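Student: I am new to this structure and would like a close look at a single part of it. Could you take me through one helix with care, and then show me what surrounds it?

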Amino acid sequence: HSDCALVFYHYDTTKKVGFTASKKVGNAIKRNLAKRRLRAVFLEIQDSLRDGVYVFVAKEKMNHMSYEALKKGIVWSMKKLDCFRE
């Protein structure tokens, strides 16, 4: 996990991804914004990731972070999970 989101990874032969945000993140507008931001980060880094199932769960802090800080946190989480291709 990072300050902005939880990332779950499970190895699989195909690449699948899911995004979720609970009501703790905020109202519907903030939850949708959080999921769009997570989706944007994933689309940027997806080519360098291994196949598998990814689930991103937004945290409350996420709406107050810059995009660069969000991306840095997600990439850091992915490195800890060893999701990047070598």
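**A close look at helix H2**

Tutor: In this predicted model, helix H2 runs over residues 67–80, and its 14 residues reach 20 Å from the first C-alpha to the last, close to the 20 Å expected at 1.5 Å a residue. Just after H2 comes Asp82, which takes a positive phi of about 55°.

To place the helix, it helps to step back to the whole chain, whose secondary structure comes to 2 helices and 3 strands, following the pattern β-β-α-β-α when read along the sequence. The C-alpha trace spans about 35 × 20 × 20 Å along its principal axes. The radius of gyration of the chain is 12 Å, which agrees with the value near 12 Å that a compact globule of 86 residues would have. Of these 86 residues, 33% count as buried, and among contacts between residues at least 6 apart in sequence, 85% join residues at least 24 apart.

Returning to H2, its buried residues are Leu70, Gly73, Ile74, Val75, Ser77 and Met78, and these pack against strand E1 (5–10), helix H1 (28–45) and strand E3 (52–58). Ile74 shows this packing residue by residue: leaving aside its neighbours within four places in sequence, Ile74 is in contact with Ser2, Cys4, Ala5, Val7, Leu38, Val41, Ile45 and Phe56.

Helix H1, one of the partners of H2, has 18 residues and reaches 26 Å from its first C-alpha to its last, close to the 26 Å expected at 1.5 Å a residue. The buried residues of H1 are Ala34, Arg37, Leu38, Val41, Phe42 and Ile45. Because these residues cover an arc of only 135° around the axis, they lie on the same side of H1. The face turned away from that buried side carries the exposed residues Ile29 and Leu43, whereas what covers the buried residues of H1 includes E1, strand E2 (15–20), E3 and H2.

In soluble globular proteins, nonpolar side chains tend to be buried together. Here the largest nonpolar core has 22 residues, of which Leu38, Leu49, Phe56, Ile74 and Met78 touch the most other members. The elements that give two or more residues to this core are E1, H1, E3 and H2, and the largest share, 5 residues, comes from H1. Ile74 and Met78 are thus residues to look for twice, as both are among the buried residues of H2 and both are among the core members that touch the most others.

One of the contacts of Ile74 is Cys4, which is buried, with a relative accessible area of 1%. The structure holds 0 disulfides, and the sulfur of Cys4 is 14 Å from the closest cysteine sulfur, in Cys83, which is too far for a bond. Cys83 is likewise buried, with a relative accessible area of 0%.

For a contrast with the buried side of H2, look at Asp51, which lies in the loop between H1 and E3 and is partly exposed, with a relative accessible area of 31%. Leaving aside its neighbours within four places in sequence, Asp51 is in contact with Tyr9, Tyr11, Asp12, Thr13, Thr14, Lys15 and Arg85. Asp51 and His64 are 13 residues apart in sequence and 31 Å apart in space, C-alpha to C-alpha.

Technical notes. Residues are numbered from 1 along each chain as its sequence is written. This is a predicted model: local features need pLDDT of at least 70, side-chain atom pairs count only at pLDDT 80 or more; totals for chains, interfaces and linings use all residues. Side-chain values use heavy atoms; hydrogens and water are left out. Helices (H or I, at least four residues) and strands (E, at least two) are DSSP runs, numbered from the N terminus. The expected span of a helix is 1.5 Å times one less than its number of residues. Buried means under 20% relative accessible area, exposed over 50%, partly exposed in between (1.4 Å probe, protein chains only). Contact means heavy atoms within 4.5 Å. The arc is that of the directions from the helix axis to the C-beta atoms. A nonpolar core is a set of buried Ala, Val, Leu, Ile, Met, Phe, Trp, Tyr and Cys residues joined through side-chain atoms within 4.5 Å. A disulfide is a pair of cysteine sulfur atoms within 2.5 Å. The radius of gyration is taken over C-alpha atoms; the globule rule is 2.2 Å times the number of residues to the power 0.38.
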